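Please open the model in a viewer and keep the sequence panel visible beside it. The tour proceeds by selection: each stop names what to select and then describes what is there.

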Amino acid sequence: MNCDFQCNTRRIRRRSALKLGLCLGLVPRLVLAQADPSRERPREGDLLVTVGAGPEPLTPDNVPLGGNPMMAWPMDPESKTVRSGSRLNKVLLLRLDPEGFEPETKERAAEGIVAYSAICTHTGCDVTTWHPDRQLLECPCHYSFYDPKEGAKVVSGPSPRRLPALPLRIVDARLIVAKPFTGRAGFQQM
């Protein structure tokens with residue numbers, strides 16, 4: 001009986017040791033992933049740069065009135081780190097006539113330029129389609145439509161909530177993040 005108890009104790013210790021070793025092996029990776037500045041969410045004071053282009057800060061002139069939406073990444077102005085390490089940081093920029101904006105949207109816009117998370121709140125696809133005739137954004141995966149003049153509220157489709165807004169301001173003729181996203185970017189996993 002004493003031998004059985006000792007054998008079981010060793011088995012538990014070995015299993016615990018293996019679990020501990022596995023955890024210790026994963027912790028540095030998790031810490032590094034969390035500490036990676038390219039994965040950090042947009043912060044107040046970040047500049048915006050075009051997705052797929054060099055780290056040249058965007059100006060209001062880069063976003064034409066009535067033009068197609070453009071995709072951008074936030075960039076830390078000090079370190080020049082482009083926050084492209086997480087697709088949840090992708091920002092959709094669009095310039096419209098601010099006269100049609102609801103008050104809250106007008107407050108977050110800069111010279112008619114609005115910024116929203118480019119990630120659909122339904123299943124996480126990129127919101128890429130613009131309907132200029134209806135002035136609506138569309139996620140082509142499951143056809144959720146968002147109204148950028150009304151804080152990207154859901155007009156139709158399966159999305160459970162609006163796209164989070166990214167408030168903007170203009171400083172030294174450059175687009176600057178005024179505040180973080182107004183909500184959690186991405187979709188709700190069930």
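**First stop: a buried serine**

Select S38, which is buried, with a relative accessible area of 15%. Please note that the model is a predicted one. S38 is placed in the loop between α1 (2-35) and β1. Display its side chain together with that of D36: a polar contact of 2.9 Å joins the two. Then show the surroundings of S38. Leaving aside neighbours within four places in sequence, S38 is in contact with T81, V82, R83, S84, G85, S86 and N89.

**The whole chain**

Now clear the selection and colour the protein by secondary structure. How many helices and strands does the protein have? There are 2 helices and 10 strands. Following the sequence, the pattern reads α-β-β-β-α-β-β-β-β-β-β-β. The protein has 190 residues, of which 41% count as buried. Among contacts with a separation of 6 or more, 53% are between residues 24 or more positions apart.

**Two loops around β2**

Select V51, located in the loop between β1 (47-50) and β2. Is V51 buried, partly exposed or exposed? V51 is partly exposed, since its relative accessible area is 29%. Not counting residues up to four places away in sequence, V51 touches M71, A72, W73 and K90. Add L92 to the selection and compare the two kinds of separation: V51 and L92 are 41 residues apart in sequence, and their C-alpha atoms are 10.0 Å apart in space.

Next, select D76, in the loop between β2 (70-75) and β3 (91-95). D76 has a relative accessible area of 17% and is therefore buried. A polar atom of the D76 side chain lies 2.7 Å from the backbone nitrogen of E78. Beyond residues up to four places away in sequence, D76 touches D46, T81 and R83. Two of these may be recognised from the first stop, where T81 and R83 were among the contacts of S38.

**The cysteines**

Select C125 and C141 and show their sulfur atoms. A disulfide joins these two residues, with an S to S distance of 2.2 Å. The pair links distant parts of the chain, 16 residues apart: C125 is in the loop between β4 (113-117) and β5 (129-131), and C141 is in the loop between β6 (136-139) and β7 (144-147). The torsion about the S-S bond is about -110 degrees, so the disulfide is left-handed. C125 counts as buried because its relative accessibility is 17%, whereas C141, at 35%, counts as partly exposed.

Now select C120 and C139. C120 is in no disulfide, and the nearest cysteine sulfur, that of C139, is 3.8 Å away. Why do the sulfurs of C139 and C120 not form a bond? The distance of 3.8 Å is too far for a bond, because a disulfide requires two cysteine sulfur atoms within 2.5 Å. C120 counts as buried, at 2% relative accessibility, and C139 also counts as buried, at 2%. The count for the model thus comes to 1 disulfide.

**A hairpin and a charge over a ring**

Select β7 together with β8 (residues 153-156). The two strands run antiparallel and are joined by 3 bridges. They form a hairpin with 5 residues between them, and G151 in the turn has a positive phi of about 65 degrees. Within this pairing, F145 has S156 as its bridge partner in β8. Show the ring of F145 and the side chain of R134: the charged end of R134 sits over the ring, 4.8 Å from its centre.

**Two unusual backbone angles**

Most residues other than glycine have a negative phi. Select A152, in the loop between β7 and β8. A152 is not a glycine, yet its phi is positive, at about 60 degrees. With 0% relative accessibility, A152 counts as buried.

Finally, select A173, in the loop between β9 (168-171) and β10 (174-177). Phi of A173 is also positive, near 60 degrees, in a residue other than glycine. Is A173 buried or partly exposed? At 49% relative accessibility, A173 counts as partly exposed.

Note on methods. Residues numbered from 1 in each chain as written. Predicted model: local features only at pLDDT ≥ 70, side-chain atom pairs only at ≥ 80, totals over all residues. Heavy atoms only, no water. Lys NZ or Arg CZ within 6 Å of the ring centre and 35° of its normal. Helix = DSSP H or I, 4+ residues; strand = E, 2+ residues; numbered from the N terminus. Buried < 20%, exposed > 50% of the residue type's maximum accessible area, 1.4 Å probe, protein only. Pairing = 2+ DSSP bridges. Polar contact = N/O pair within 3.5 Å; in protein donor to acceptor, adjacent residues only side chain to side chain. Contact = heavy atoms within 4.5 Å.
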